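Here's a quick tour of a protein with a ligand inside it. Have the sequence and the 3D view open while you read, and look for each spot as it comes up.

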Amino acid sequence: MKCLVTGGAGYIGSIAVKELITKKHEVIVVDNLSKGIKKLVNKKAKFYKLDLTNYKSLSKVFQKHKPEIVMHFAGYKAVEESMQNPEKYSDNVIGTANLLKCMNENKTKKIIYSSTAAVYKPHNKTVTETDELEPNNYYGETKRICEQMILWFSKIYGIKYTIFRYFNVIGDGGLNYIDPEATNVLPIIMEVVMNKRPELQIFGTNYPTRDGTCIRDYIDVIDLVDAHIKSLNKANNEIINLATNSGTSVKELVSEVEKALNITVPKKNKGRRAGDPPTLVASNKKAQKLLKWTPKISLKKSILATYKAYN
Ligand SMILES: NC(=O)c1ccc[n+]([C@@H]2O[C@H](COP(=O)([O-])OP(=O)(O)OC[C@H]3O[C@@H](n4cnc5c(N)ncnc54)[C@H](O)[C@@H]3O)[C@@H](O)[C@H]2O)c1
């Protein structure tokens with residue numbers, strides 16, 4: 001299949017590109033390299049450095065390659081930054097609008113879209129796909145708007161979609177990815193382990209959870225990409241959580257890292273951060289059923305793979 005991958009130089013996109021190439025698909029990558037790293041892009045993929053907000057350049061790529069399918073990873077994803085610089089995050093929406101326009105003009109059949117747990121209205125029960133949406137930050141809102149645009153383009157023009165809502169993505173897909181601007185907890189722990197930070201700050205130790213720290217659902221990036229590959233021909237016009245159905249607290253995660261690496265991670269308890277829900281764990285029943293997919297990588301394996309990447 002001829003597949004255009006946006007954000008294919010980023011953390012998840014670069015692994016998806018590698019997997020698509022392994023499975024003999026033809027891959028075209030577009031990425032503005034704002035955060036992506038060119039050397040992560042598999043040499044067999046055709047690469048274009050361009051910003052999705054530039055309709056003219058994007059349109060030329062579509063006209064030249066006529067992709068059959070799009071995997072749309074490109075986007076800005078830092079929650080805090082989205083509240084300080086919303087203009088930048090509006091590009092997530094403008095880029096997706098341009099992409100959908102190009103897809104329709106060039107008869108691209110399907111989009112596989114990277115959405116997020118941040119679209120949901122936070123609550124403490126296991127999240128299912130039909131739960132209420134109410135993002136509490138602008139990043140999540142841009143993702144919700146993009147989801148809605150995709151649904152409308154599907155309704156009006158018949159473009160197929162699989163929208164994936166990712167929970168906390170961790171691990172390494174064999175490309176030794178090091179997050180250049182770590183904001184997620186495992187890359188931050190790795191920076192502490194590598195002496196790039198003095199300690200891990202634990203934000204909130206008095207949440208109504210089993211040990212007082214926030215509980216999250218950590219999904220390995222290899223499992224995540226596997227679901228994308230499986231959705232090339234399946235799960236059309238579906239919205240699907242990608243999660244493990246089980247939660248790990250910050251303290252439990254740190255303790256897993258300490259056990260796996262046989263070290264002690266320096267840590268400091270801090271106050272709660274605004275907007276952090278105590279628990280965020282999702283059901284993956286829909287993914288299991290529609291994609292015949294199940295996450296296989298253990299937390300320990302994800303930690304060891306991440307550690308290897310940082311060494
Ligand atoms: N990593 C996670 O835990 C997580 C969780 C939920 C959702 N997501 C979503 O998954 C997608 C991929 O995430 P990631 O972790 O690989 O992020 P990433 O930042 O590593 O990759 C995103 C890529 O998109 C590129 N990009 C950004 N804006 C662009 C634009 N306007 N035009 C062209 N290229 C652009 C960046 O240079 C980068 O290479 C994102 O859309 C993100 O919102 C990620």
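Let's begin with the overall layout: the domain assignment splits this protein into domain 1 (2-169 + 218-242) and domain 2 (171-217 + 245-280 + 296-310). Keep in mind that you're looking at a predicted model. From there we'll go to the ligand, and then to one loop residue.

**How the two domains meet**

- Going by C-alpha atoms, the centres of domain 1 and domain 2 sit 25 Å apart.
- Where they touch, 24 residues of domain 1 are in contact with 26 residues of domain 2.
- People often describe how big an interface is by the accessible area that is lost when the parts come together.
- Here, domain 1 and domain 2 bury about 2300 Å² between them, and 57% of that is on carbon and sulfur atoms.
- On the domain 1 side, look for Tyr11, Lys35 and Tyr218: this trio supplies 31% of the area that domain 1 buries against domain 2, more than any other three residues.

**Who surrounds the ligand**

- There are 29 residues around the ligand, and the ones that come nearest are Asp31, Phe73, Lys77, Tyr139 and Lys143.
- Sorted by character, the shell has 14 nonpolar, 10 polar and 5 charged residues.

**Polar atoms close to the ligand's oxygens**

- Lys35 turns up again here, with a backbone N or O atom 3.0 Å from an oxygen atom of the ligand.
- Gly36 also uses its backbone, placing an N or O atom 2.9 Å from a ligand oxygen.
- Tyr139 uses its side chain instead: a polar atom there lies 2.6 Å from an oxygen atom of the ligand.
- So how much of the ligand does the protein bury? On its own the ligand would expose 830 Å², and the protein buries 96% of that.
- Three elements each give two or more residues to the shell: helix H1 (11-22), strand E5 (110-116) and helix H5 (138-157).
- E5 makes the largest contribution, with 3 residues.

**A loop residue to find: Leu133**

- Leu133 sits in the loop that runs between E5 and H5.
- Which residue is 13 places away from Leu133 along the chain, with its C-alpha atom 4.2 Å from that of Leu133? That's Tyr120.
- Ignoring neighbours within four places in sequence, Leu133 is in contact with Val119, Tyr120, Lys121, Arg144, Glu147 and Arg165.

How values were computed
Residues are numbered from 1 along each chain as its sequence is written. This is a predicted model: local features need pLDDT of at least 70, side-chain atom pairs count only at pLDDT 80 or more; totals for chains, interfaces and linings use all residues. Side-chain values use heavy atoms; hydrogens and water are left out. A residue is near a molecule or strand if one of its heavy atoms lies within 4 Å of it. A polar contact is a pair of N or O atoms within 3.5 Å; within protein, one must be able to donate a hydrogen and the other to accept it, and residues adjacent in sequence count only if both atoms are side-chain atoms. Accessible areas come from the Shrake-Rupley method with a 1.4 Å probe; for residues, only the protein chains shown count as cover. Helices (H or I, at least four residues) and strands (E, at least two) are DSSP runs, numbered from the N terminus. Ala, Val, Leu, Ile, Met, Phe, Trp, Tyr, Cys and Pro count as nonpolar, Asp, Glu, Lys and Arg as charged, and the others, Gly among them, as polar. Domain bounds come from an automatic or database domain assignment. Contact means heavy atoms within 4.5 Å. Buried area is the accessible area (1.4 Å probe) that two parts lose on being put together, summed over both.
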